[in-house]
Amino acid sequence: SSPLPIISQEEVTRHRSLKDGVWVTYQGGVYDITEFVSIHPGGEKIMMAAGGAIEPFWSLYAVHNQEHVLEMLSAYKIGEL
Ligand code: HEM
């Protein structure tokens with residue numbers, strides 16, 4: 001399998017709506033979570049991170065600090081910063 005593409009922060013920032021797609025970054029990875037937004041257990045709060053890093057939000061909402069949450073996120077990976 002070929003490596004995932006390098007994606008710029010600028011490109012990520014252009015994806016912060018359901019229309020344009022919702023991308024986030026986490027520890028150097030880029031994730032397209034557009035399809036996940038409507039099934040997020042925490043509801044629309046997830047859109048606060050759209051187009052940027054999720055770390056600041058996950059340190060506020062420690063419920064994400066679990067293996068199964070990271071597994072879920074990994075399914076949406078599309079590239080590296
Ligand atoms: C809950 C995933 C981003 C706020 C959850 C849960 C999952 C999840 C799996 C349920 C955890 C459990 O109960 O075991 C994700 C993923 C995210 C993301 C994959 C990013 C791609 C965010 C962001 C915020 C947020 C950015 C806030 C700004 C919350 C809150 C809950 C929650 C408040 C608790 C809901 C409740 O139990 O009432 N999230 N989340 N999440 N999330 Fe997220």
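These notes go through the fold, the sheet, one loop residue and the ligand shell of a predicted model.

1. Overall make-up. The chain contains three helices and four strands. Read from the N terminus, its elements follow the order α-β-β-β-α-α-β. Three strands thus come one after another in that order, and a strand closes it.

2. Size and packing. For 81 residues, a compact globule would have a radius of gyration near 12 Å; the chain has 12 Å, so the two agree. Along the principal axes, the C-alpha atoms fill a box of roughly 30 × 25 × 20 Å. Buried residues make up 16% of the 81 in the chain. Of the contacts between residues at least 6 apart in sequence, 61% join residues at least 24 apart.

3. The sheet as a whole. The four strands form an open sheet, ordered β1-β2-β3-β4, with antiparallel pairing. At its edges are β1 and β4 (77–80), each of which pairs on one side only. As background, strands of a sheet pair through backbone hydrogen bonds, in either the parallel or the antiparallel sense.

4. β1 with β2. Strand β1 (residues 16–17) pairs with β2 in the antiparallel sense, over two bridges. Arg16 has Val22 of β2 as its bridge partner. The two strands form a hairpin, and three residues lie between them.

5. Burial of β2. Why is strand β2 (residues 21–26) described as largely enclosed by the rest of the structure? Five of its six residues are buried, so the description follows from the count. A residue counts as buried here if 20 or more other C-beta atoms lie within 10 Å of its own.

6. β2 with β3. Strand β3 (residues 29–32) runs antiparallel to β2, and four bridges join them. Two of the facing pairs can be picked out on the model: Trp23 stands opposite Asp32 in β3, and Val24 stands opposite Tyr31 in β3. In general, side chains in a regular strand alternate between the two faces of the sheet.

7. The β2–β3 loop. The hairpin of β2 and β3 has two residues between the strands. Gln27 is placed in this loop. Its phi is near 45 degrees, a positive value in a residue other than glycine. For comparison, most residues other than glycine have a negative phi. Is Gln27 buried or exposed? Gln27 has 10 other C-beta atoms within 10 Å, so it is exposed; the cut-off for that class is 12 or fewer.

8. β3 with β4. Three bridges join β3 to β4, and the two strands run antiparallel. Gly29 faces Glu80 in β4, while Val30 stands opposite Gly79 in that strand.

9. The ligand shell. Around the ligand there are 18 residues, of which Pro41, Gly42, Lys45, Ala49 and Phe57 come nearest. Which element gives the largest share of the shell? Helix α3 (residues 67–74) does, with three residues. By class, the shell divides into 13 nonpolar residues, four polar and one charged.

10. Where to look. A reader opening the model could start at β2, which pairs antiparallel with β1 over two bridges and is joined to β3 by four. From β3, the three bridges to β4 lead to an edge strand of the sheet. The ligand and the residues that come nearest to it, Lys45 and Phe57 among them, can be taken after that.

Note on methods. Residues are numbered from 1 along each chain as its sequence is written. This is a predicted model: local features need pLDDT of at least 70, side-chain atom pairs count only at pLDDT 80 or more; totals for chains, interfaces and linings use all residues. Two strands pair if DSSP finds at least two bridges between them. A residue is near a molecule or strand if its C-beta atom, placed from the backbone, lies within 6 Å of it. Ala, Val, Leu, Ile, Met, Phe, Trp, Tyr, Cys and Pro count as nonpolar, Asp, Glu, Lys and Arg as charged, and the others, Gly among them, as polar. The radius of gyration is taken over C-alpha atoms; the globule rule is 2.2 Å times the number of residues to the power 0.38. Two residues are in contact if their C-beta atoms, placed from the backbone, lie within 7 Å.
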